[in-house]
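The exercises below are meant to be worked through with the model open, and each task is followed by a solution that goes step by step.

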Amino acid sequence: PDTKTGRFVIELAPHELIPCSVYYFLELARTWKYGSVHRNAGHVLQIQSHSSEVHQSMPFQEYSPEFPHKKFTTGYAGRPSGPGWYVSILDNTKNHGPGSQQQHNPHEADANFGSVVEGAGDVIPRIHSVPQKGWLDKANQIVIPKLTILTP
């Protein structure tokens, strides 16, 4: 089997719950130039994003308790969120949910936007198995050459 390539599919969260987060990711995908997994942490795989249009973070931290940071969900990195994002490789409700990142604001949480629905059982674990942990050297980063928007 080819262990050098793979794909994973993200199903976006209901836009009624987190409209800004969903739209922001659609814009990242629509204008994607390139990106890579540049952090292999114990709890997330973090992706740096390069878009032809999206250069700023989201306007605010958007979160819905109806779509928490469960295993294989996707969320935005940073304060404010984006354009970098991550795949949770374990339940990160306590690590990235309300009150987790800022002591002075118990309601703020990382914005999230979807769930990995294909590739969670094989591609994501393969990426996480890269021997280097933490911030990856350029040679160990996993390139994401394109994002494709699929419609039902």
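Four exercises follow, on a structure that is a predicted model.

**Exercise 1.** Classify the aromatic pairs that Phe-113 forms with Phe-25 and with Trp-85.

Solution. A search of the whole structure finds five aromatic pairs. In one of them, Phe-25 and Phe-113 lie 4.3 Å apart centre to centre with 15° between the planes; because planes under 30 degrees apart count as stacked, this pair is stacked. Phe-25 belongs to helix α1 (residues 19-30) and Phe-113 to strand β6 (residues 112-118), so that the pair, with its partners 88 residues apart, links distant parts of the chain. Next, Trp-85 and Phe-113 have their centres 5.9 Å apart and their planes at 75°, and since an angle over 60 degrees counts as edge-to-face, that is the class of this pair. Here too distant parts of the chain are linked, with Trp-85 in strand β5 (residues 85-88) and Phe-113 in strand β6, 28 residues apart. Phe-25 and Phe-113 are both buried, and Trp-85 is buried as well. Finally, Tyr-24, Phe-25, Tyr-76, Trp-85 and Phe-113 form one aromatic cluster.

**Exercise 2.** Decide whether His-38 is buried or exposed, and describe its surroundings.

Solution. His-38 is located in strand β2 (residues 32-40). Its relative accessibility is 15%, and it therefore counts as buried, the cut-off being under 20%. If neighbours within four places in sequence are left aside, His-38 is in contact with Gln-46, Ile-47, Gln-48, Gly-134, Trp-135, Leu-136 and Gln-141. One of these contacts, Trp-135, also has Arg-39 over the face of its ring, at 5.1 Å from the ring centre.

**Exercise 3.** Which residues have the most contacts inside the largest nonpolar core, and which elements give two or more residues to this core?

Solution. The largest nonpolar core has 23 residues, and those with the most contacts inside it are Phe-25, Leu-28, Ile-47, Tyr-76, Trp-85, Val-116 and Ile-124. Two or more residues of this core come from each of α1, β2, β3 (44-51), β5, β6 and α3 (123-128). In soluble globular proteins, nonpolar side chains tend to be buried together.

**Exercise 4.** Characterise the largest pocket by its volume and its lining.

Solution. The volume of the largest pocket is about 950 Å³. It is lined by 31 residues, of which Arg-7, Phe-8, Val-9, Leu-147 and Thr-148 are the closest to its centre. At least two lining residues are supplied by each of β1 (9-12), α1, α3 and β8 (142-144), and the largest share, four residues, comes from β1.

Terms used. Residues are numbered from 1 along each chain as its sequence is written. This is a predicted model: local features need pLDDT of at least 70, side-chain atom pairs count only at pLDDT 80 or more; totals for chains, interfaces and linings use all residues. Side-chain values use heavy atoms; hydrogens and water are left out. Rings of Phe, Tyr and Trp (its six-membered ring) pair if their centres lie within 6.5 Å; planes under 30 degrees apart count as stacked, over 60 as edge-to-face and the rest as tilted. Buried means under 20% relative accessible area, exposed over 50%, partly exposed in between (1.4 Å probe, protein chains only). A charge sits over a ring if NZ of Lys or CZ of Arg is within 6 Å of the ring centre and within 35 degrees of the ring normal. Contact means heavy atoms within 4.5 Å. A nonpolar core is a set of buried Ala, Val, Leu, Ile, Met, Phe, Trp, Tyr and Cys residues joined through side-chain atoms within 4.5 Å. On a 1 Å grid over the protein atoms alone, a cavity is a set of points where a 1.4 Å probe fits but cannot get out, and a pocket is an open set with protein on both sides within 12 Å along at least five of seven lines; lining residues have an atom within 4 Å of a point. Grid points are joined across faces, edges and corners, and a volume is the space filled by probe spheres set on the points.
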